[in-house]
Amino acid sequence: MAGNPGQGLNRRALILSGAAATFAGRAWAGPPGLELAGRFQQGGFAIGRTAPRAQVRLDGEEVGQASAEGLFVVGFDRDGPPAAEIGVRTPDGEASHRAEIAKGVFDIQRISGLPEDEVTPSNPALLARLEAEARRKAEGFASHADLDDFKDGFVLPVRGFRLSARFGGQRILNGEPKRPHYGDDLAAPVGTPVHAPAAGVVSFAETGLHYEGGLIMIDHGQGLVSCYLHLSRVGVVRGEMVATGQLIGAVGKEGRATGPHLCWRLKWRGRNLDPMLLVGAQAPV
Ligand SMILES: [Zn+2]
């Protein structure tokens, strides 16, 4: 009973082209399969399954290679366009899919009464410090570990929290429109344990940053880096491998924070994604 044509249609994932044959190995040379699952909205993502080490493209830009298992992730920026062209290529051919990207709905967040140096820093010593911190953070974001630890989605990093600010809110500080808020704020008491939402390698771990206080970044592979801000305790070091659910630190109110919370962020190759959208997500089967 070779090749029941209806079988693929029962899967939850989007079946886009000749996947089954590709996974059988090199014996059948043909275009790579491409299956996608995820949240096709601004701040969202897609997890793809294709041929091992296929080249991946997003909107015509090469964004790396699928993992040894054929998994990859692409992210849709908060301010990205209303459609995305996702493509894969092997020496045997290529496949692509154009996905509509739904517009995100974002809050307006007004915060007034902040000291002016917090809103628009002008002090030279502070500017130099911010520049040095930005350089070190950029190294953390640039980490590209050969992992696919996003494939089972995320678990929540904190148990028992109040979502005090959602991803993507437009910030107006002392009346001045500023960069949107690229995190989900999980309000919880100082000292509340913070756990890794998925396995990965720690690409940044420091305390005492001006804006972030204690900050951890975890690279989950394929350029997907999650961030934990305002920590009162940082319990991991750069280069350390962490497992899903592992204790990594504690909630705090360090840096520029109005109260104790975990600001949880997610970046993919420079794009800002909503980490909450990855909770409970799964790679296509
Ligand atoms: Zn935040």
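**Entry 1: the S4–S5 hairpin**

I started at the hairpin of S4 and S5, where 2 residues sit between the strands and Asp59 takes a positive phi near 50°. I note that this is a predicted model. Asp59 belongs to the loop between strand S4 (55–58) and strand S5 (61–65). The positive value occurs here in a residue other than glycine. I then checked the exposure of Asp59: its relative accessibility is 44%, so Asp59 counts as partly exposed.

I looked up the pairing of the two strands. S4 and S5 are antiparallel and share 4 bridges. Within this pair, Leu58 faces Glu61 in S5.

What does S4 pair with through a further 4 bridges? I found S7, again running antiparallel to S4. Leu58 turns up here as well, standing opposite Ile86 in S7. I have therefore listed Leu58 with two opposite residues, Glu61 in S5 and Ile86 in S7.

**Entry 2: Thr50, ahead of S4**

I moved back along the chain to the loop between strand S3 (45–49) and S4, which holds Thr50. Is Thr50 buried or exposed? Its relative accessible area is 0%, so Thr50 is buried. I looked for a polar partner of the Thr50 side chain and found the backbone oxygen of Gly33, 2.6 Å from a polar atom of that side chain.

**Entry 3: the zinc site**

Which protein atoms are the donors of the zinc ion? I listed His181 through NE2, Asp185 through OD and Cys263 through SG, at 2.0 to 2.2 Å from the ion. The spacing of these donor residues in sequence reads H-x3-D-x77-C. His181 and Cys263 link distant parts of the chain, being 82 residues apart. I placed His181 in the loop between strand S12 (176–177) and strand S13 (183–187), and Cys263 in strand S21 (residues 261–268). Both of these residues are buried; for Cys263 the relative accessibility is 2%.

**Entry 4: cysteines**

I searched for disulfides and the count was 0. Cys227 takes part in none, and the nearest cysteine sulfur belongs to Cys263, 8.8 Å away. The cut-off for a disulfide is 2.5 Å between the sulfur atoms. Cys227 has 2% relative accessibility and therefore counts as buried.

**Entry 5: the strand just before His181**

Since S12 came up at the zinc site, I looked up its sheet. S12 is part of an open sheet of 3 strands, ordered S9-S11-S12, with mixed pairing. Strand S9 (108–111) and S12 are the edge strands; each has a single partner strand, so one side of each has no neighbour in the sheet. S12 runs antiparallel to strand S11 (residues 170–173), and 2 bridges join them. In this pair I found Ile172 opposite Pro177 in S12.

**Entry 6: the nonpolar cores**

I expected a nonpolar interior on general grounds: in soluble globular proteins, nonpolar side chains tend to be buried together. The largest nonpolar core here has 49 residues. Which of them touch the most other members? I noted Phe72, Val74, Tyr228, Ile248 and Leu262. The elements giving two or more residues to this core include S3, S4, strand S6 (71–75), strand S7 (83–90) and S21. A second, separate core has 8 residues, among them Leu209, Leu215, Cys227 and Leu229.

I then took Tyr228 and listed its contacts, leaving out residues up to four places away in sequence. The list includes Pro157, Val194, Leu215, Ile248, Leu262, Trp264 and the zinc donor Cys263.

**Entry 7: His230**

His230 lies in strand S17 (residues 224–231). I flagged His230 for its positive phi of about 70°, although it is not a glycine. Its relative accessibility is 5%, so His230 counts as buried. Asp59, the residue from my first entry, counts as partly exposed at 44%.

**Entry 8: totals for the chain**

I closed with the overall figures. The secondary structure comes to 3 helices and 22 strands. Of the 285 residues, 49% count as buried. I also looked at contacts between residues at least 6 apart in sequence: 65% of them join residues at least 24 apart.

Definitions and conventions. Residues are numbered from 1 along each chain as its sequence is written. This is a predicted model: local features need pLDDT of at least 70, side-chain atom pairs count only at pLDDT 80 or more; totals for chains, interfaces and linings use all residues. Side-chain values use heavy atoms; hydrogens and water are left out. Donors are N, O and S atoms within 2.8 Å of the metal (3.2 Å for Na, K and Ca); water is not among the atoms, so sites may look incomplete. Buried means under 20% relative accessible area, exposed over 50%, partly exposed in between (1.4 Å probe, protein chains only). A polar contact is a pair of N or O atoms within 3.5 Å; within protein, one must be able to donate a hydrogen and the other to accept it, and residues adjacent in sequence count only if both atoms are side-chain atoms. Two strands pair if DSSP finds at least two bridges between them. A nonpolar core is a set of buried Ala, Val, Leu, Ile, Met, Phe, Trp, Tyr and Cys residues joined through side-chain atoms within 4.5 Å. Contact means heavy atoms within 4.5 Å.
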